[in-house]
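Please work through the exercises below with the sequence and the 3D view at hand. Each task is followed by a solution that goes step by step.

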Amino acid sequence: MAISMPAEAPHGLGLSRGRRQVIFAFLMLSMFMATLDNQVVATALPSIVGDLGGMEQFGWVAASYLLAQSTVMPIYGKLGDLFGRKYVMMAAVAIFIAGSLACALAPTMPLLIAARALQGLGGGGIMVSIFAINSDLFEPRERARYQSFSSLVLVASGSLGPTIGGVLTSTFGWRSIFLINVPVAAAALLGLHLLLPYLRPARQPRIDWAGALTLAAAIAAIVLLADGAQLFGALISWPSLGLVAIAVLALIAWVRIERRAPEPIIPLTLFRDPVFPLMLLVALTSGGIAIGMVNFHALFLQTTTGLSPAHAGLFFIAITGGIATGSITAGRYISRSGDYRSFLLAGLTLCTVMLVLLSRMGPETPRAVIAAVLLLQGIGIGMGQQAPILGAQASAPRGDVGAATGAVTLMRMAGAALAISAYGAILSGRLAAPALQGLDTPHRYAAAFTAIYLTAACIAVVGLVAAIVLRPTRLAAAKSTSGG
C-alpha cells in the first residue's frame, strides 16, 4: 500500500493501534537481531580464529562491522526522508541477510572481514530506520512510551548474546551464529512488507553524493582512529596521525558541500535550533558512559573482586535491570507529561554520582554494595536513554526527521567507540605505571579503574551541562489514531 503524503503528514499513517503495535514488534525483532550480532560474534571469535587462522586480523572482524555501520547511519536517515522509510528499511534488512550468509560461507579471514562489513552496511540502516519509522507511527509522547521498550531489546541482546553465541558455537559450529540471522531477518522482512504502508514523500529525491562520500570518509577515519591501538599497535602512530588529517579535511569539505547541496545528508539548518546540537552532544556522552562502559564493568568485576566470568555476568542483571527500569519508567511519564529534559537531568546526575562511587571501590568493597551502585547507574542510563532521539526528532522539520535520527544514532556509536579507546589507553597506561608495580593484581586493577571511572564521570558531566543548557521543552500530546 502506497501513501503519498506531504511533509506534514499526520502520525500514525491512518493505521489502527493494533496494527501499529504489530509493526513495532517486527521492528524490535529487527533491532534484536542487529544488536545481538556483535555479542554473539565476540563469543565465537576464538573458534573462528581456530578454524580460519589470521590471529593478527581478528580485530577487524568487529572493527569492519562497526566501521560500515557507523559510516552509513546518516546516509540511511536521509534516504528514508527522500524515498520513504519502508523500502529503505527493507533494503537494510536484505543487505543484513546477504552479509550474514556471506559470513557463514566465508572460507578465509579476509573474506569474513569483508562479509562483516556488508553486514554492517545493513545493520546501520536497521538501527536508524527503526527510530525514524517510529516517528511516523507514533506521536511524540506516545513514541516515548514505545521507544522505552527498545531498551528491553538492547538489554536482552546484551544479556543473551554471549550465552547464545556459546551454545550455537559449541553445538553447531561458529557458522551457525550467522545462519540463525537468516530466518529471523526473513520473518521481519515479510512482516514489514505486508503491514508497513509505503509513505511516499512528495519532495523530488536528489542524492547528495559528494556530501555522503566526504561524511563517510570523516566517519571512517574517526572510527578507525578510535580503534588505532588495536589495529595499528599504538594509539599515537603515523597511521593514526594520517587518519586525523583525513577526518579534519573531510569534515571541512563536507561543511562546504552541505552549504550548497539542495538535499544535504545532514541539513545544516538543523543546527539553527539549539536543541539539535545539544542532543548530539548528549548522545555522544551517553554512548561513552553506557555502551562504552559495558566490557570495562565486566573486567572490573573479574580483576578486582576475583569473580569468575560466570559470576561476574550475574552482576549484569543489576545493570540491565536498572536500564530497563529507568527507561520504562521514564517512557511512561514522558508520554503523560511530554517533559523529557527532567529525566535526562536526573539520569545524567545519577550516572555521574554512581561513576564517582565506582571509582572509590576496590577488592575490599562488599559485593552487595557494588551491585547496588551498578543497579543505580543502570537506572540513570535508562532514564536518559530516549532523550537524544526524542529531542532531535522534535526539533527537526518533519521532512528531515530521518537525517536528524541518523545523526543522533551515529553520535551515540561514535561516543562509544571513542570512549572504549580512551578507557583502554588509560587502563594500559595505569597498569604500566611504576607506582603501581608493588601492588598485587586486584589493587593494581582497582587503581587503574579509579582513573577510568573518573574519566567516565567527567564525560557524564559534559552531557549533564548540555542538558542543563537545554531549554525546557514539552513534546506534543498524542492524538487519537483509530483508523484502520
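Buried means under 20% relative accessible area, exposed means over 50%, and partly exposed lies in between, as computed with a 1.4 Å probe on protein chains only. This is a predicted model, in which local features need pLDDT of at least 70 and side-chain atom pairs count only at pLDDT 80 or more, while totals for chains, interfaces and linings use all residues. Residues are numbered from 1 along each chain as its sequence is written, and side-chain values use heavy atoms, with hydrogens and water left out.

**Exercise 1.** Determine whether E263 and K78 are buried or exposed, and explain which parts their salt bridge ties together.

Solution. Begin with the term: a salt bridge is a side-chain nitrogen of Lys or Arg within 4 Å of a carboxyl oxygen of Asp or Glu. The structure holds 9 of these, and one of them joins the side chains of E263 and K78 at 3.0 Å, N to O. K78 belongs to helix α2 (residues 59–83), whereas E263 lies in the loop between α10 (238–260) and α11 (275–291), so the pair ties together parts that are 185 residues apart in sequence. Helices here are DSSP runs (H or I, at least four residues), numbered from the N terminus. As for accessibility, both E263 and K78 are buried.

**Exercise 2.** Trace which residues are joined into one network by salt bridges that share partners.

Solution. Start from R85, whose side chain meets that of D81 in a salt bridge of 3.0 Å, N to O; R85 and D81 are buried. Next, the side chain of R85 also meets that of D136, at 2.9 Å, N to O. This second pair links distant parts of the chain, 51 residues apart, with D136 in helix α4 (residues 109–137) and R85 in helix α3 (residues 85–105). D136 is buried, like R85. Through shared partners, D81, R85, D136 and R398 form one network.

**Exercise 3.** Identify which residues touch the most other members of the largest nonpolar core.

Solution. A nonpolar core is a set of buried Ala, Val, Leu, Ile, Met, Phe, Trp, Tyr and Cys residues joined through side-chain atoms within 4.5 Å. The largest has 112 residues, among which L27 and I126 touch the most other members. Helix α18 (residues 441–469) supplies the largest share of this core, 11 residues. A second, separate core of 20 residues includes L36, L52, A104 and I177.

**Exercise 4.** Explain why helix α16 is largely enclosed by the rest of the structure.

Solution. Helix α16 covers residues 387–395, and 8 of its 9 residues are buried, so the rest of the structure largely encloses it. Its buried residues include A387, P388, I389 and L390.

Key. Helix = DSSP H or I, 4+ residues; strand = E, 2+ residues; numbered from the N terminus.
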